[in-house]
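Hello,

Here is the structure we spoke about handing over. Please open it alongside this note; what was found follows below.

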Amino acid sequence: MAEYWTPGEKAARDRLASLDLSDYDKARDFPARPATSRLSPHLRWGEVSAREVWRFASALPTDASSFHSELLWRDFAWHRLYHVPDLATEPVREKFRNFDWYWDGGGIDTSGKDPRPHPLPELQAWRTGETGIPLVDAGMRELWQTGYMHNRVRMVVGSFLTKNLGIHWRHGEEWFWDTLVDADPASNPFNWQWIAGCGDDASPFFRIFNPQLQASKFDPDGTYVRQWAPPLSPPPIVDLKESRQAALDAYQEIR
């Protein structure tokens, strides 16, 4: 971790002082480009405040509205956690309590113990970046090596887990909680419920991120994938088209 992060208030303010939003709007969705602030771990651990970041960004010569919206999204997650204290375990949209997600161990564990001695093979492949889907594998390997993952790729790997693999969003939330340096009690479950389609202001369930299309759009020359994914990937563990249709069919059942 020391290769990628320096904890502490001084490091946070040094990072803030280098904030450059001149290319933020156009480049923030491209994981190979250094356009994001990378302030999220410092915000998560209270090494810099959202107010201080907001004021600093406001004083920059470039428009900070898109960056400010990300800070607002983060605060919205905390607002929702206050009103929905079981955000990490229960879907905000109640109809998803009956959704047929796979659960590691053969069923929803209401005891809260869930020892997970033998993970689902698909879940283990997702965790270790061995799904055979290059953008997904790159993101999961970046996460394991650095404790971080680009936001666009987080959405892709989350959609892939919950919709293409049909695995419960809580498994993704828990893995991110264990591995992300910026995972916090609000943003982590809030964003997992958003991508799974069962949370507040959620991405509609029928919006399923196609990792191949996402890669062609946001990593067109393959720079990000080459940096993190193995050169010889295993065959895909799931057919993207068929699994997308299966997810849509399952959604129709709970409608």
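**Overall build**

The chain has 13 helices and zero strands. This is a predicted model, so please read everything below in that light. Along the sequence the pattern is simply α-α-α-α-α-α-α-α-α-α-α-α-α.

How does the radius of gyration of the chain fit with a compact globule? It agrees: a compact globule of 255 residues would come near 18 Å, and the chain has 18 Å. Along the principal axes, the C-alpha atoms fill a box of roughly 50 × 45 × 35 Å.

**The largest pocket**

Rolling a probe the size of a water molecule over the atoms shows where empty space is left. Start with the largest pocket. Its volume is about 1000 Å³. The lining is made up of 34 residues. Nearest the centre of this pocket are Glu70, Trp73, Asn151, Arg154 and Asn191.

Which helices should you look at here? Four of them, α3 (40-44), α5 (65-83), α8 (151-164) and α10 (187-196), each supply at least two residues of the lining. The most comes from α10, with six residues. By class, the lining of the largest pocket has 16 nonpolar, eight polar and 10 charged residues.

**The second largest pocket**

The second largest pocket has a volume of about 310 Å³. It is lined by 19 residues. Closest to its centre are Tyr102, Lys163, Asn164, Leu165 and Gly166.

Two elements give two or more residues to this lining: α8 and α13 (240-254). Helix α8 thus turns up at the largest pocket and again at the second largest pocket. The most comes from α13, with four residues. The lining of the second largest pocket divides into 12 nonpolar, four polar and three charged residues.

**Helix packing around α9**

Two packed helices are described by the angle between their axes and the distance between the axes. Two pairs are worth a look, and α9 is in each of them.

Take α6 with α9 to begin with. Helix α6 covers residues 121-128, and helix α9 covers residues 169-179. They pack at an angle of about 35°, with their axes 12 Å apart. The crossing of α6 and α9 is right-handed. On the α6 side, the contact is made by Leu123, Trp126 and Arg127. On the α9 side, the residues are His171, Gly172, Trp175 and Phe176. The contact of α6 with α9 has four nonpolar, two polar and one charged residue.

Now turn to α7, residues 134-146. How do the axes of α7 and α9 lie? They come within 9 Å and cross at roughly 35°. Helix α7 brings Met140, Leu143 and Trp144 to the contact. Helix α9 brings Trp175, Phe176 and Thr179. This contact has five nonpolar residues, one polar and no charged ones.

Note Trp175 and Phe176 of α9. They take part in the contact with α6 and in the contact with α7.

Best wishes

Conventions
Residues numbered from 1 in each chain as written. Predicted model: local features only at pLDDT ≥ 70, side-chain atom pairs only at ≥ 80, totals over all residues. Heavy atoms only, no water. 1 Å grid on protein atoms, 1.4 Å probe; cavity = no way out; pocket = protein on both sides within 12 Å on 5 of 7 lines; lining within 4 Å. Points joined across faces, edges and corners; volume = space filled by probe spheres on them. Nonpolar A, V, L, I, M, F, W, Y, C, P; charged D, E, K, R; others polar. Axes fitted to C-alpha atoms, helices over the stretch in contact; angles between N-to-C directions. Left-handed = near helix turned anticlockwise from the far one by under 90°. Contact = heavy atoms within 4.5 Å. Rg over C-alpha atoms; globule rule 2.2 N^0.38 Å.
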